[in-house]
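Please guide me through the fold of this protein, beginning with a single residue and working outward to the helices and the sheet.

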Amino acid sequence: MPRRRDPAAARVVHRTCRVGLRTTRGERERCFGLLRSAGDVWACVLEVNHWRWRHDPPPVVSDQALCRELSTAGPGVFGDLDSVGARSVLRRYSDAWFTAAKRRRAGDLSVRFPRRRRGLLPVRYFHDTFTLDGRRLRLPVTRGCAPLWLRLDRAVPYPADQVRSVTLLAEGGRLWVEFTAEVPVTVYPAGDGPDPARVAGVIHPYAVAGPDGHGLLVSGQAVRAEHRMHLTDTKRRRRATAAQAPKPGQRGSRRWRKTRRRARLVEGRHRRRIRQAQHEAAKTVIGWAVRQRVGTLTGGDPHGVLALPAHPRAHRDCCGQRHQHPSGSAAAGAHAPSSRTTPSRCRTVPA
């Protein structure tokens with residue numbers, strides 16, 4: 001069951017960051033073994049429910065029932081994967097099954113229940129089941145196995161006591177760990193809180209126009225250049241390999257599979273660069289809003305923001321290529337500007 005928070009406790013927001021791993025050959029094999037074992041748990045649940053479907057008993061889909069089946073199997077069935085990691089896979093399956101059932105009851109018959117097997121499946125570990133010591137991370141393993149300590153390629157940007165869960169996954173042939181932390185909302189000293197009269201309009205994910213002539217501009221030139229260079233490189237690669245592409249239904253040669261693997265690696269690197277740039281830009285905007293004591297942070301389509309009493313620079317700057325806006329731990333209210341084209345594109349910044 002999800003953790004219940006005290007209503008009187010301080011407000012928090014959940015943030016997730018992805019950190020790479022620096023592993024030896026043995027550590028890499030053990031990590032991929034955990035991911036393969038998670039895939040085996042998923043396949044085992046599919047097989048059990050398929051057998052029950054053929055012999056009339058109801059399927060086992062609830063989290064509690066699946067955990068009882070896991071405890072009946074005993075430890076050591078899925079290699080180094082312990083009960084904590086296996087329960088995360090069972091919860092993922094249960095959520096997927098009930099989500100599909102809910103959508104089918106709503107009339108969407110195109111939704112299918114989970115039936116596809118997966119070779120590598122992410123494994124999630126919750127609070128008090130892992131150990132984070134600087135750039136070292138210890139993941140739990142089954143009883144009788146050697147401890148699994150992993151080195152991170154950079155420091156986690158959140159304090160260790162705020163990290164609530166870690167997720168081990170593989171993407172693009174590399175191992176990653178996602179850290180999810182509870183970040184408290186900024187609290188101002190007494191008498192120094194946000195001023196509701198100070199209005200800032202977010203007219204671009206990298207530009208903020210505030211009161212009293214203050215503003216912030218985070219250039220998106222590097223992001224646009226990354227998009228343009230990646231598009232050019234993709235077009236050239238596809239043009240060069242179009243003649244060797246296999247026909248539909250063919251497996252393709254070993255050289256073609258190497259080419260496809262290289263293309264997936266380049267695509268993953270491009271997505272990571274864009275995601276990191278957007279994260280840094282959003283963090284800069286939220287930090288600026290906290291320092292300026294902005295009471296209202298309005299985000300949306302520039303056509304609706306132009307009507308707000310913000311700085312005149314808002315009328316000179318033009319639309320950007322994105323209409324998504326940062327949300328963070330700034331203690332500021334937020335509302336969507338009234339416009340015919342804006343409300344569907346606005347995103348509320350939590351207080």
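## From one residue to the fold

Residue N49 has its place in helix α1. The model in which it is seen is a predicted one. With a relative accessible area of 8%, N49 is buried, because that value lies under the 20% at which burial is set. Leaving aside residues up to four places away in sequence, N49 touches P59, V60, V61 and Y93. With one of these, Y93, there is also a polar contact: the side chains of N49 and Y93 are joined at 2.7 Å.

The helix that carries N49 may be considered next. Helix α1 comprises 30 residues and reaches 43 Å from its first C-alpha to its last, which is close to the 44 Å expected at 1.5 Å a residue. Just after α1, D56 takes a positive phi of about 75°.

The partner of N49 in the polar contact, Y93, leads to helix α3, where Y93 is listed among the buried residues. Helix α3 covers residues 83–105, and its 23 residues should span 33 Å at 1.5 Å a residue; the C-alpha atoms at its ends are 32 Å apart, so the two values agree. The buried residues of α3 are V84, G85, A86, S88, V89, L90, Y93, S94, W97, A100 and A101. What covers these buried residues? The cover includes α1 (25–54), α2 (63–73) and β2. Just after α3, G107 takes a positive phi of about 110°.

One part of that cover, α2, can be described in further detail. Helices α2 and α3 pack at an angle of about 145°, and their axes are 9 Å apart. The crossing in which α2 passes α3 is right-handed. On the α2 side, the contact is made by D63, L66, C67 and L70, and on the α3 side by S83, A86, R87, L90, R91, Y93 and S94. Y93 thus appears in the contact with α2 and in the polar contact with N49.

Another part of the cover, β2, leads to the sheet. Seven strands form an open sheet in the order β2-β6-β7-β1-β5-β4-β3, with antiparallel pairing. Strands β2 (123–126) and β3 (131–133) stand at the edges and have a single partner strand each, so one side of each is left without a neighbour in the sheet. From one strand to the next, the twist averages 30°.

For the edge strand β2, the partner is β6 (residues 163–171), and the two pair in the antiparallel sense over four bridges. Within this pairing, V123 has L168 of β6 as its bridge partner. Which face of β2 is covered and which is uncovered? V123 and Y125 belong to the covered face, whereas R124 and F126 belong to the uncovered one.

Elsewhere in the sheet, strand β1 (residues 12–22) pairs with strand β5 (residues 148–152) in the antiparallel sense over two bridges. Here L21 stands opposite L152 in β5.

The chain as a whole may now be considered. Its secondary structure comes to seven helices and 11 strands. Of the 351 residues in the protein chain, 39% are buried. Among contacts in the chain with a separation of 6 or more, 70% are accounted for by residues 24 or more positions apart.

Notes
Residues are numbered from 1 along each chain as its sequence is written. This is a predicted model: local features need pLDDT of at least 70, side-chain atom pairs count only at pLDDT 80 or more; totals for chains, interfaces and linings use all residues. Side-chain values use heavy atoms; hydrogens and water are left out. Two strands pair if DSSP finds at least two bridges between them. Axes are lines fitted to C-alpha atoms, for helices over the stretch in contact, and angles run from 0 to 180 degrees between N-to-C directions. Buried means under 20% relative accessible area, exposed over 50%, partly exposed in between (1.4 Å probe, protein chains only). The expected span of a helix is 1.5 Å times one less than its number of residues. Contact means heavy atoms within 4.5 Å. A polar contact is a pair of N or O atoms within 3.5 Å; within protein, one must be able to donate a hydrogen and the other to accept it, and residues adjacent in sequence count only if both atoms are side-chain atoms. A crossing is left-handed if the near helix is turned anticlockwise from the far one by less than a right angle, and right-handed if clockwise.
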